[in-house]
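Me: I'm in my first year and still learning to read structures. Could you pick a part of this one, look at it closely with me, and then connect it to the rest?

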Amino acid sequence: MSFDRDARTALADGQLRGALRHATTLFGERRRAAIADVPDWEDARDRARAIKDETLLHLDRYLEQFVANAEGAGARVHWARDAAQACDIIAGIAERRGARTVVKSKSMASEEIRLNAALAARGIAAVETDLGEYIVQLAGEEPSHIVVPAIHKTKGQIAALFAAKLGMEPSDDVTRLAAAARQALRRRFAEADLGVSGVNFAVAETGTILILENEGNARLTTSLPRTHVALMGIEKVIPRFADLEVFLRLLPRSGTGQALTAYQSLLTGTKRQPVDEGPEELHIVLLDNGRSRMLASPVTRQTLACIRCGACLNACPVYRQIGGHAYGSVYPGPIGAVLTPQLLGMGESAELPYASSLCGACRDVCPVKIDIPAVLLHLRAQTVARRASIGTRALLERLAFSAYAAVMARPRLFEWVMGCARAVHIVPPLGAWTKWRDLRPLAPRSFRDEWRAGLHETEGS
Amino acid sequence: MTDSDAARRDILRAIRENLKPRGIAPRSAEPVQSTADPGPAARGSPPGLRPGSVGPVERASPDAVTRFKAQLAAVGAQCTLACGEPDAARALARILTDAGARRVVGSDAPLVQRLLSTLGHDFVRESLDRLSRDDLFACEAGVTTAQWGIAETGTLVLESARERSRLLSLVPPIHVAVLSTRCICESLGDALDRVRQAASHAITFITGPSRTSDIELTLVVGVHGPQTVHVLLLEDV
């Protein structure tokens, strides 16, 4: 149980919990303030979800429409069944273009396919350029939040890291730290032959991809190198250009509490004339990697509506305590707990759907109203069903619940059983449930007895 | 058949298999155009994007201009109002001087070229056409126009079909954008409607300076893009 172990480690880390509390609370407040200004917020959520639902129900045709239009505008589209194929495609493009240095803007999909390691294995250096991702890469760590990857690190730790890796004079001044990263990364941008970005939305009717960001590194990544590779999950497509409006209202407000992030790049194919600015080649890599499987049921399908805002992480009482690393997956928090097992298969991360108290805070803040608790329960049921065929524990559990159901369905039997339990003063052991919780002893008289006695007295007086 | 073609076939088949109704609700009516006709895509021009530009907003309400200026301030952008080109040229020189920018590069927009031509000898004017990547990195200010402003959010909209402004608005630490008050739209939706009609391969929405909160959620401006965004609002005389 690595989640169990890692969660304990995180809980014992006071510095980490302090940083998490600060960050998630601040993001929560900013989000609330940002959506207070939007009178039709609920309506926008419903519209966005309806658009996603419509798209997913016809994903095959929207994808084909997107591809036809993107290719018509000069992009080259590649299809990847899984992570390995996506890495091969991107490494192949880099090799064909003679690229030794690749600059990357933040892309969760590229983390998902472990692109950096795949490129490194082929002798190609991939440099993360988002400040948070850059810090995490320099430290040899993994991102711990979808929106702010280095949320777990203090400026003191970052100062020490930059002193060691960039040779800068140690400084706790955040502005100077950012300036040092800017300078180091400018050199990388100057020499980069290829830029890899993610995609936030892909418009079927125009073949446009849209990338949101705040720093400008995605703009540099997609406009300076000769070649731009955009990696996107197949669920990123939306039908119409005008649909962008509702998603642009929802995503920044939910993610960082901004009305709009500093930059949106809307890219449609390649430059039209040699004199135009921008890359000569645009390659769009469409990644399945388990997504098409999720279409099979309406419960799992809604996972694909996610726009990666990170609001559910900030709202989750579990994430707020343990942070992203304990989840042991690229996608942490509530959305990670439902996405990861579905992408990787239940065998890999069967414990993640249990990393939740099912309180529903994630569902309440989700801008596209994904019922994450319902998906968690669905996945838990699958885990149980898988286990049901094996092991004595599963058999005992099934027997116990059958007995429980039988007793609960029969009032007489229920009273008799409870009477026995009361007489011998025992509470049955409930496994993990009672390991960390005290079950209160049974009251000497049951509520039913009290009720009957009370009624009697009232009637008698 | 290439790997990618095989993957395309497999993925589309997997999508269709998984979407097959399982005796429950049927799939809803078909809202998508038939893909048998790929439409304008096959005819070479970017579909959905009609070439040609659209005219400015008939007359931006004074209210929109006020809201735009308030939103610019809220997102940390500067704003200077100028009446007519001579006034704008003087304002531009003042903005650049105050910011301490000497090496300046302007876009190919005729208005920008006219404004820059009035700058005195205190400035080094780089030419966009002969600019190497290193030269560009050494510039202290980039001057462009913006095709649209969005009052709701204080956003500038730049279209590649209208001007070569993609790098100048991004790489130098100071970005000065000249915007006509007649091109201020009310909302994000209005702006999306307008850019959709111009055949730009790159449309950039800019809201304030480049920013990050990646270290302890402390705001730092100018991390990769400009530290200063100065909007020179041009009122026609």
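Reply: **A helix to start with**

Let's begin with a check that you can repeat yourself. Helix α21 of chain A covers residues 392-408, which is 17 residues, and at 1.5 Å a residue it should span 24 Å. The C-alpha atoms at its two ends are 24 Å apart, so the expected span and the model agree. Keep in mind that this is a predicted model. How many of the 17 residues of α21(A) are buried? The number is zero, so this helix lies largely in the open.

**A helix with a buried face**

Now compare that with helix α9 of chain A, residues 155-166, where A:I158, A:A159, A:L161 and A:F162 are buried. Looking down the axis of α9(A), you would find these buried residues within an arc of 165°, so they line one face of the helix. A general rule helps here: an α-helix has 3.6 residues a turn, so residues three or four places apart point the same way. On the face of α9(A) turned away from the buried side, you will find the exposed residues A:G156 and A:A164. The cover over the buried residues of α9(A) includes two other helices of chain A, α8 (131-138) and α10 (174-191). Just past the end of α9(A) comes A:G167, which has a positive phi of about 70°.

**A covered strand in chain A**

From helices, let's move to strands. Strand β10 of chain A, residues 281-287, is mostly covered, with six of its seven residues buried. Which strands pair with β10(A)? One is β1(A), residues 76-80, joined in the parallel sense over five bridges. Another is β7(A), residues 227-233, which is also parallel and makes seven bridges. A good residue to click on is A:I284 in β10(A): A:V77 stands opposite A:I284, and so does A:A230. As background, strands of a sheet pair through backbone hydrogen bonds, either parallel or antiparallel.

The domain assignment divides chain A into domain 1 (38-289), domain 2 (295-388) and domain 3 (406-460). Between domain 1 and domain 2 of chain A, the C-alpha centres lie 23 Å apart. Where these two domains touch, domain 1 of chain A gives 23 residues and domain 2 of chain A gives 21 residues. On the domain 1 side of that contact, the elements giving two or more residues are α3 (41-57), α6 (108-112) and α12 (244-255) of chain A.

**The sheet of chain B**

Chain B has six helices and twelve strands, and 44% of its 237 residues count as buried. Among its contacts with a separation of 6 or more, 73% are between residues 24 or more positions apart.

Six strands of chain B form an open sheet with parallel pairing, in the order β1-β12-β7-β4-β2-β3. At the edges stand β1 (78-83) and β3 (124-126) of chain B; each has a single partner strand, so one side of each is left without a neighbour in the sheet. On average, neighbouring strands of this sheet are turned by 25° against each other, ignoring direction.

Let's zoom in on β7(B), which is mostly covered, as six of its seven residues are buried. Five bridges tie β7(B), residues 174-180, to the parallel strand β4(B), residues 141-145. Two pairs are worth finding: B:T144 has B:A177 as its bridge partner, and B:V143 stands opposite B:V176. Strand β7(B) also pairs with β12(B), residues 228-235, in the parallel sense over seven bridges, and there B:V178 stands opposite B:L232. When you follow the side chains, remember that in a regular strand they alternate between the two faces of the sheet.

**Where the chains meet**

To finish, look at both chains together. Their contact takes 59 residues from chain B and 72 residues from chain A. On the chain B side, the elements giving two or more residues include α5 (133-138), α6 (188-196) and β9 (202-206). Which element of chain B gives the most? It is α1(B), with eleven residues.

Note on methods. Residues numbered from 1 in each chain as written. Chains lettered and ligands numbered in written order. Predicted model: local features only at pLDDT ≥ 70, side-chain atom pairs only at ≥ 80, totals over all residues. Pairing = 2+ DSSP bridges. Helix = DSSP H or I, 4+ residues; strand = E, 2+ residues; numbered from the N terminus. Axes fitted to C-alpha atoms, helices over the stretch in contact; angles between N-to-C directions. Expected span 1.5 Å × (residues − 1). Buried ≥ 20, exposed ≤ 12 C-beta atoms within 10 Å, placed from the backbone. Contact = placed C-beta atoms within 7 Å. Arc of directions from axis to C-beta. Domains from an automatic or database assignment.
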